[in-house]
Amino acid sequence: MIELTRRHLFAGAAATALVPLATDGRAFAAAPAAGKQAPGFYRFKVGSMEVTVVTDGARTFPLADNFVTNVKKDDVNAALQAAYMEKDKMTIAFNPVVVNTGSKLVVIDTGNGPGAFEQSKGAVGQMHANLAAAGIDRNSVDAVVISHFHGDHINGLITADNKPAYPNAEVLVPAAEWKFWTDPSKSEGNFANVKRVFGALGNKVTQYEADKEVVSGITAIATPGHTPGHCSHILSSGNATVALQADITNHPALFLRNPGWHVTFDMDAAMAEATRRKFYDRMAAEKITVQGFHFPFPAAGHVEKDGNNYRLVPIAWNPSI
Ligand SMILES: [Zn+2]
């Protein structure tokens, strides 16, 4: 065994530096940096179903004082740093999925929409390009299932020029969500966006109820709090089950670790917290893989209980499906 001391290493490095790189005068040009990421999609199986997580991108923004409404920013920063993330900054990822059930091609949530691509300088609104990269034709999609009506989930229903992005698909929406957001007496904020997006579809939607199959193999469960009609979806095929949680929590490093923390986006924070504890208790007990719309790509893992909190054990990239 050769023992290398620091002294030997430094002496070696110095000696190497003196050796000319090429003796005939030629030098290799520096390779240009690629400067951009690869198309983002990731596949896994659930029984005989094939799931493709198709990223819509991610947004990074300064951490607002009230990003978590019931704790101090210092505590949020401490949690970010405990997860080796930068403080005073938040990155939120957007991860819609496509499910090939064997008989139907189903998109679940649609991202920020291609209209957001230019405006965000390509940070978000990537889903349609990533679908194409994954070999999925929007015209072949049979159904689009929506979890709730925030813009990052519905805006991709339409193209940048306000045409249906999935022209041959039935658009399935939670009945409670439809009722809440189409209240004719409201017109501000997200109410206006809902009107704009579904208006472009001629309001042609099919409303669905929780605790029923929306598409064969895909069952909706009511997970209210984030929004009044928020639904998650359970995929099951054979013995395999995966839960698509949508927005039960935002980033797991903050909100699985601290399920009592209330993200500013939760409309009824107390209800959202009760929903999340109940949901994760079940996921942990039944060891169900959870896919989270806002989890870091590919946005799936197992939830473990940790006292009154939880932690996510992300799935490992698998070269085969
Ligand atoms: Zn969301």
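Which residue in β11 does valine 215 stand opposite? It's isoleucine 218, and I'll come back to that pair once we've been round the pockets and sheets.

Okay, ground rules. What we have is a predicted model, where local features need pLDDT of at least 70 and side-chain atom pairs count only at pLDDT 80 or more, while totals for chains, interfaces and linings use all residues. Residues are numbered from 1 along each chain as its sequence is written, and side-chain values use heavy atoms, with hydrogens and water left out.

Let's do the empty space. Rolling a probe the size of a water molecule over the atoms shows where empty space is left. Here that's done on a 1 Å grid over the protein atoms alone: a cavity is a set of points where a 1.4 Å probe fits but cannot get out, and a pocket is an open set with protein on both sides within 12 Å along at least five of seven lines. A residue counts as lining if it has an atom within 4 Å of a point. Points are joined across faces, edges and corners, and a volume is the space filled by probe spheres set on the points.

So, the largest pocket: about 370 Å³. It has 13 lining residues, and nearest its centre you'll find Gln37, Ala38, Pro39, Gly40 and Gln126. For the chemistry, Ala, Val, Leu, Ile, Met, Phe, Trp, Tyr, Cys and Pro count as nonpolar, Asp, Glu, Lys and Arg as charged, and the others, Gly among them, as polar. On that split the lining is five nonpolar, seven polar and one charged.

The second largest pocket comes in at about 290 Å³, with 17 lining residues. This lining goes 14 nonpolar, one polar and two charged. Nearest the centre sit His251, Pro252, Ala253, Leu312 and Pro314. The elements giving two or more residues are α2 (73-82), α8 (252-255) and β16 (309-314), and β16 gives the most, with three. When I say helix or strand, I mean DSSP runs numbered from the N terminus: H or I of at least four residues for helices, E of at least two for strands.

Leucine 312 deserves a moment, as it belongs to β16. Skipping neighbours within four places in sequence, leucine 312 is in contact, meaning heavy atoms within 4.5 Å, with Pro252, Leu256, Phe295, Gly301, His302 and Val303. With histidine 302, the C-alpha to C-alpha distance is 5.6 Å, for residues 10 apart in sequence.

Now the closed spaces. There are two cavities of 30 Å³ or more. The largest cavity holds about 60 Å³, and its lining includes Ile108, Asp109, His233 and Gln291. That lining is five nonpolar, four polar and one charged. The second largest cavity is about 30 Å³, with His226, Asp247 and His294 among the residues lining it.

Ile108 takes us to strand β6 (residues 105-108). In a regular strand the side chains alternate between the two faces of the sheet. In β6, Leu105 and Val107 point one way, Val106 and Ile108 the other, and all are buried; buried is under 20% relative accessible area, exposed over 50%, partly exposed in between, with a 1.4 Å probe and protein chains only.

Who pairs with whom? Two strands pair if DSSP finds at least two bridges between them. β5 (97-100) and β6 are antiparallel over four bridges, and glycine 102 in their hairpin takes a positive phi near 110°. β6 and β7 are parallel over three bridges, with isoleucine 108 opposite valine 145. β7 (143-145) then pairs with β8 (170-174), parallel, three bridges. Four of the five residues in β8 are buried, and β8 also runs parallel with β9 (206-208), again over three bridges.

Back to the opening pair. Valine 215 and isoleucine 218 stand opposite each other where β10 and β11 (218-222) run antiparallel, joined by two bridges. They belong to an open sheet of seven strands, β10-β11-β12-β13-β14-β15-β16, with mixed pairing. The edges are β10 (213-215) and β16, each pairing on one side only. Neighbouring strands are turned by 35° on average, direction ignored. Axes here are lines fitted to C-alpha atoms, for helices over the stretch in contact, and angles run from 0 to 180 degrees between N-to-C directions. Finally, helix α9 (269-286) lies across β11 and β16, among others, running at about 100° to β15.
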